[in-house]
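Grab a pen and open your viewer. Below are a few short exercises, each with its solution worked out step by step.

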Amino acid sequence: MNMKNMYNHDFRFEGKIKSFEEILTEFYSHIAKLNGRKVKTAVIYAYFLLYKRLTQDNVQTLTNYSKGTISNVLNYLHDGNVIAKETIPGTHLQEYSSLMYYPKLDYITFEENLDNINEAQSFTKKNILLLQQKQLLDGGLLLIHRLEDLVYFTEFRQAAKLGKRFELDLARLDNPIPPLNPHFDPEIEEIEKKICKYFTDSDFFEDSDKKKASIFSYLMTRCHLSSTKLCELTGISLPTVNKKLRELAIERFIQPNLTKDGYVLKNIAISFRLFRHYYHEQLMGWIPRLQAVQDQLRDPKQKLVFLKGYPEMYTLIDRILFDLKGLKTWFNEVAERRKKIQELNSLKPDI
């Protein structure tokens, strides 16, 4: 067999291992959607975790994606030091190999990049200084307060990422909701437009869905908006705005105003916390399904141990479940600590 034919043989997993592979790629697709990341990138990433070494043709066989899409994803993963590439001896073919023995949990969980946080904070502070000269104009004061909340959120995230103590200002987290569709002076609106464009185009939200990011940005600046006003501000069609608002509400980023038309993004810190809660619920929801796969892999009656791909599947499922169960334990401990703090705060001293 020559070198080229050797790399054209049927390398794919078989039998039940193949069906487990489909579950695993579905898991990574779901995580990518939650993070606003590209699903095709996540799927190809998952295949490298399983197969370790693949050519571009191998990836196309597994995914059915176009060669252009595969080439772009492979370059992205290579630039990010997720995979390496080398020429197969005796051929012109490139083979890519995974540089990751285990999945990095920070790849599949929602994590802000510290550089993005620092850059967003610097940009926001500059705009607050600009707005302070125009705060008497309609919307000026509201936009300053909203941006100050954003700066506060970035300071909180900086402290969390660096492991530093940060005193929460509870009053700031409970600011009143402004009227529906607050009016902004044209000068203030022009500044707002630049701010929203920055956050839509930047990686601060780590969301590849730019329409959703644009809608979120305007809710961040004005707090309380109707779908028709968002359509006017963003230039996005009304059906798409309504669809993205429903997605943001499901993800708990925003809340429908139950007494009036419109949606509310009360505070960015609360918003991201609610999303994290939703995100973690979604992650934990995968434990029973992945556990069922692990149980079958461990069951000698299934006779899976000699199937192609068994060791790779067993190792990866085992690692993911270990991480998810560790997260679940940590979340439960945090919830228990919060409950105790609430109980202590509710106790009144005897007089």
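The exercises look at a helix, its salt bridges, a hairpin and the core.

First, the ground rules. This is a predicted model, where local features need pLDDT of at least 70, side-chain atom pairs count only at pLDDT 80 or more, and totals for chains, interfaces and linings use all residues. Residues are numbered from 1 along each chain as its sequence is written, and side-chain values use heavy atoms, with hydrogens and water left out.

**Exercise 1.** Work out what span helix α10 should have, and whether α10 is enclosed or open.

*Solution.*
- Helices here are DSSP runs (H or I, at least four residues), and strands are E runs of at least two, numbered from the N terminus.
- Take 1.5 Å times one less than the number of residues. For the 13 residues of α10 (210-222), that should give 18 Å, and the end C-alpha atoms are indeed 18 Å apart.
- Now check burial: buried means under 20% relative accessible area, exposed over 50%, partly exposed in between (1.4 Å probe, protein chains only).
- 11 of the 13 residues are buried, so α10 is largely enclosed by the rest of the structure. Among them are F216, Y218 and R222.
- Just after the helix comes C223, with a positive phi near 75 degrees.

**Exercise 2.** Find the salt-bridge partner of D209 and place both residues.

*Solution.*
- A salt bridge puts a side-chain nitrogen of Lys or Arg within 4 Å of a carboxyl oxygen of Asp or Glu.
- D209 pairs with K244 at 2.8 Å, N to O. D209 sits in the loop between α9 and α10, while K244 is in helix α12, 35 residues apart.
- K244 is buried, at 10% relative accessible area.
- Zoom out: D209, K212, K243, K244 and E247 form a salt-bridge network.

**Exercise 3.** Describe how strands β2 and β3 pair, then find the salt bridge of E86.

*Solution.*
- Strands pair if DSSP finds at least two bridges between them. β2 (83-87) and β3 (94-98) have five, in the antiparallel sense.
- I83 faces S98.
- Six residues separate the strands in this hairpin, and G90 in the turn has a positive phi of about 80 degrees.
- E86 bridges to R53, with the closest N and O atoms 2.4 Å apart. R53 belongs to strand β1.

**Exercise 4.** List what L150 touches, leaving out residues up to four places away in sequence.

*Solution.*
- L150 lies in helix α8 (140-162) and is buried, at 1% relative accessible area.
- With contact meaning heavy atoms within 4.5 Å, the list is T124, F199, F204, M220 and I268.
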